[in-house]
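Reader: I would like a close look at the salt bridges of this protein, taken pair by pair and then set against the surroundings in which the partners sit. Please go through them with care.

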Amino acid sequence: MENILLGFQQVFVPMNLLVLLGGVVIGMIVGALPGLNDSITLAVLIPVTFGMNPQTAMCLLIGIYVSACYGGSIPSILLKIPGTASSVVTAFDGQPMTKKGQAGLALSVSTTSSVFGGILSSLVLLFFSPFLAAQALKFGPPEYLMLAIMGMSTVVGMAGNAMLKNIMVMALGLLISCIGLSPQAGFPRMTFGNLYLLEGIPLVPMLIGLFGVASILELVETTGGVKNITEKIQRVKVRMLDKDMCKRLLPTWMQSGIIGTLIGVIPGAGMIMAIYLAYDQARRSNPDKEFGTGVPEGVAAPETANNAVVASSMVPLLALGVPGNATSALFLGALMIQGLRPGPALYRDFPEVAYLIVVGFLVANIFMLPLGLAFCNFLAGKILLLKREILSGLVLILCVTGAFAVSNSTFNIWVMVVFSFVGYFMNKYKLPQSPLILAMVLGSMMEKYYLQSMVLSGNSWSIFVTRPICLVLLIISVLFVGVPLYKRYIAKPVKAKA
């Protein structure tokens, strides 16, 4: 308890607090710009922190990390352009809410859900980091493979009556994930002699094309109804959610927060898996609501989950020195620049830094609520008062510059163009996009961990049923697939005959 109070004392040093708030604002701005994200920003700013004292440097990085994935939800809701990869699912219900004139409500739900998920995982980081980090270390290649399979099995849970379409799109995503160098032999696959394809299809330009430019193509195609939409959504007022809405969303917040926290603690699992699992579970928990048509729960679930991953991904880093994801790995570099080594010794030798980081996540999430509401009011009002023709042009400029900025390569722009037409035709023929993204992200992960598992077991599949965590994850995956199939093909026909 004494060390936690020490952490609060360090955070509320005026300079540290000011830098923390500045980091939160920078993170929201960065997240709201397509093509930029927390990893890119932290990588750029880490050299800048070299001249700061460790506490001030950590406050800046914490503020950016906490608010960047939340900032990505703003263009995702308003324009159907994910500002960051972790806000892809938010667009599924956020954009329909905007079209119905509920942009203010969608942004309020996003802000409150992000803060709830962030505070929940910050409390876990504060009180349970040693225990959870020890559990995360029990994951080896077989467990990661089963975790990826469980993520893929959510595609069936989200399919509803479009199961065949989901499977077809998922197969396409797995095929695209094979592009690049083979992880085992290092042999180029489907690169057609193009050196840019050796690292595979870049994710961020693909997402910008799939969502951002595709939405512009749809807007160009539709000539009627645009003015009515503009008039409805111009009067956006983002305010605190009322008690009734909070009570309605509380089960979704708790469920998604727990999912995000558990996924965040596991090194390498990442936000993409967390948001899809959370969204799928929200659909299962609310069978009376039609997700994808503008349901507040559809915004609350992924936003709670992705922000819950943020603080919990620091658990294995601070307790054991093992980064939870790419962004927390940058914190490892930032600490080492300051001459500090993450792990149990950090709590013992430098408690003022260790507990400042832990408490800093909690304080940053609390301040993100008023700052986020103010930011949304300003940004939403400015964006939605623009004419659609001007807005489309600005969005296209943002998309092109965002795709280029990822690695300063014109190849990324071509990737964006190709996937913008892919996204357009998928929308036109009512093909779901989420299985494509999930399969692309998890496909390479599954291949790598499958090969490593086979090396560990001597090419025996028994490793997947003899390890307890593997077996549990496999059973959950089977239930994800089996329960919807049972309800559709066995339970309903029996009821019909009766």
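Author: A search of the whole of this predicted model finds 5 salt bridges. Three of them are described here in turn, each with the elements that hold its two partners and with the degree to which each partner is covered.

In the pair of R467 and E143, the two side chains meet with a nitrogen-to-oxygen distance of 2.8 Å. The pair links distant parts of the chain, since R467 lies in the loop between α22 (463–466) and α23, whereas E143 belongs to helix α8 (residues 141–157), and 324 residues separate them along the sequence. The two partners fall into separate classes of exposure: R467 has a relative accessibility of 27% and therefore counts as partly exposed, while E143, at 3%, counts as buried. The cut-off that matters for this reading is 20% relative accessible area, under which a residue is called buried.

R248 and E297 form another salt bridge, in which the closest N and O atoms are 2.7 Å apart. This pair, too, links distant parts of the chain, with R248 in helix α12 (residues 243–265) and E297 in helix α14 (residues 296–312), 49 residues apart. R248 is partly exposed, its relative accessible area being 37%, but E297 is buried, with a value of 0%.

The pair of D280 and R284 is set within a single helix, and its closest N and O atoms lie 3.0 Å apart. Because D280 and R284 are 4 residues apart in helix α13 (residues 270–285), about one helical turn separates them. D280 is buried, with a relative accessible area of 0%, and R284 is partly exposed, with 28%. As a general background to these three descriptions, side chains of opposite charge can pair when their charged atoms come close.

The surroundings of the R248 and E297 pair can be followed further through T252, which is also placed in helix α12. T252 is buried, with a relative accessible area of 4%, and, once its neighbours within four places in sequence are left aside, T252 is in contact with A282, N286, E297, A300 and A301. Thus E297, the salt-bridge partner of R248, is also among the contacts of T252.

Helix α14 also holds V299, which counts as buried at 0% relative accessibility. Leaving aside neighbours within four places in sequence, V299 is in contact with I77, T90, D93, G94, M97, A106, V109 and S110. The C-alpha atoms of V299 and V89 are separated by 7.9 Å, although these residues are 210 positions apart along the chain.

Several of those contacts of V299, including T90, D93, G94 and M97, are also buried residues of α6. Helix α6 covers residues 90–99, and 9 of its 10 residues are buried, so this helix is largely enclosed by the rest of the structure. Besides the four already named, the buried members of α6 include A91, F92, Q95, P96 and T98. G101, which follows α6, has a positive phi, near 85°.

To return to the other end of the account, helix α23, which borders the loop holding R467, spans residues 468–497 and gives the most to a nonpolar surface patch, with 4 residues. V465, L471, I475, L479 and V483 make up this patch, whose area is about 390 Å². One of these residues, V483, is found in helix α23 and, at 32% relative accessibility, counts as partly exposed.

For the wider setting, the protein has 23 helices and 2 strands, and buried residues make up 56% of its 498 residues. Among the contacts with a separation of 6 or more, 78% are between residues 24 or more positions apart. The accessible surface of the protein comes to about 21300 Å², and 69% of that surface belongs to carbon and sulfur atoms. As for internal space, the structure holds 1 cavity of 30 Å³ or more, and the largest cavity contains about 30 Å³. The lining of the largest cavity is made by P82, G83, T84, A85, V204, L207 and I208.

Key:
Residues are numbered from 1 along each chain as its sequence is written. This is a predicted model: local features need pLDDT of at least 70, side-chain atom pairs count only at pLDDT 80 or more; totals for chains, interfaces and linings use all residues. Side-chain values use heavy atoms; hydrogens and water are left out. Buried means under 20% relative accessible area, exposed over 50%, partly exposed in between (1.4 Å probe, protein chains only). Contact means heavy atoms within 4.5 Å. Accessible areas come from the Shrake-Rupley method with a 1.4 Å probe; for residues, only the protein chains shown count as cover. Patches are made of residues with over 30% relative accessible area and no salt bridge: like charges are joined within 9 Å, nonpolar side chains (Val, Leu, Ile, Met, Phe, Trp, Tyr) within 5 Å. A salt bridge is a side-chain nitrogen of Lys or Arg within 4 Å of a carboxyl oxygen of Asp or Glu. On a 1 Å grid over the protein atoms alone, a cavity is a set of points where a 1.4 Å probe fits but cannot get out, and a pocket is an open set with protein on both sides within 12 Å along at least five of seven lines; lining residues have an atom within 4 Å of a point. Grid points are joined across faces, edges and corners, and a volume is the space filled by probe spheres set on the points.
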